[in-house]
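Q: Please take a close look at one helix in this structure and describe how it sits in the rest of the protein. A plain account for a first-year student would do.

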Amino acid sequence: MKILVAVKRVIDYNVKIRVKADHSDVDLTNVKMAMNPFCEIAVEEAVRLKEKGVATEIVAVTIGPKAAQEQLRTALALGADRAVHVETEERVESLAAAKLLAKVVEEEQPGLVILGKQAIDTDNNQTGQMLAALAGLPQGTFASEVQVDGDKVQVTREIDGGLQTVELTLPAIVTTDLRLNEPRYAKLPDIMKAKKKPLDVKTPADYGIEVASKLTLLKVESPAERKGGIKVGSVDELVDKLKNEAKVL
């Protein structure tokens, strides 16, 4: 079985975000970029399925600028066999990404598609669901456990009420949650080998998809600085401050 894994280039989660002086966007100057953490989990799950003998090939795919090949090489170092880069300098929204991935799914015909449930830069949590609708495939979102058995896959989902297990007929779409696994680190020999693995470069035009943004970004602001707490001497003082200063009573 072939597994297709989608990955995204985002600002490293350890980096403190800076906003441009004109508030037009996030400042990416000299900022460390990395693979989206949920995408790392998706790659790890695909590799584990291959190690179990469930999968025979892993194809990593990303949509983004030329620099995004760095994240594809990381996926290759972690265990993917080959990669597809849909290169574009445009800001790609969830629907455009889903349309492009649907074309890649049509071309590659994978038995399973694994995506992170969301990207930490936009936090939309939309692409996996949109892809399932466009490709006409069953979906299991927020996966904390994935079990493949023949032509079926059981996905344990994290929901508000606890855990829910659904069974899907392959091919299917799965989006990963944090507790699905713990991603491994790429070893130096694997990083060197990844440089020789095949990486195909395509464009949105090759798939007949228009990715120009339909949204206008008006303003970006940093969150307000959190103020330090204070100590109060009595319950009466606490009630007074909640009522007259915080105005929550």
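A: The expected span of a helix is 1.5 Å times one less than its number of residues. In this predicted model, helix α1 covers residues 37-51, which makes 15 residues. From its first C-alpha to its last, α1 reaches 21 Å, close to the 21 Å expected at 1.5 Å a residue.

Next comes the question of cover. A residue counts as buried when its relative accessible area is under 20%. By that cut-off, 11 of the 15 residues of α1 are buried, so the helix is largely enclosed by the rest of the structure. At the start of the helix, the buried residues include Pro 37, Phe 38 and Cys 39. Further along, Ile 41, Ala 42, Val 43, Glu 44, Glu 45, Ala 46 and Val 47 are buried, and so is Leu 49. After α1 comes Gly 53, which has a positive phi, near 85 degrees.

Now for the surroundings. The protein has six helices and 11 strands, and its C-alpha atoms fill a box of roughly 70 × 45 × 40 Å along the principal axes. Across the 249 residues of the protein, 41% count as buried. Among the contacts with a separation of 6 or more, 69% are between residues 24 or more positions apart.

The outside can be described too. The protein exposes about 14,400 Å², and carbon and sulfur atoms supply 51% of that area. As for charge, there are 35 positive and 38 negative side chains, and the centres of these two sets lie 3 Å apart.

Methods:
Residues are numbered from 1 along each chain as its sequence is written. This is a predicted model: local features need pLDDT of at least 70, side-chain atom pairs count only at pLDDT 80 or more; totals for chains, interfaces and linings use all residues. Side-chain values use heavy atoms; hydrogens and water are left out. Helices (H or I, at least four residues) and strands (E, at least two) are DSSP runs, numbered from the N terminus. Buried means under 20% relative accessible area, exposed over 50%, partly exposed in between (1.4 Å probe, protein chains only). Contact means heavy atoms within 4.5 Å. Accessible areas come from the Shrake-Rupley method with a 1.4 Å probe; for residues, only the protein chains shown count as cover. Lys and Arg count as positive and Asp and Glu as negative; His and the chain ends are not counted. The place of a charge is taken as NZ of Lys, CZ of Arg, CG of Asp or CD of Glu.
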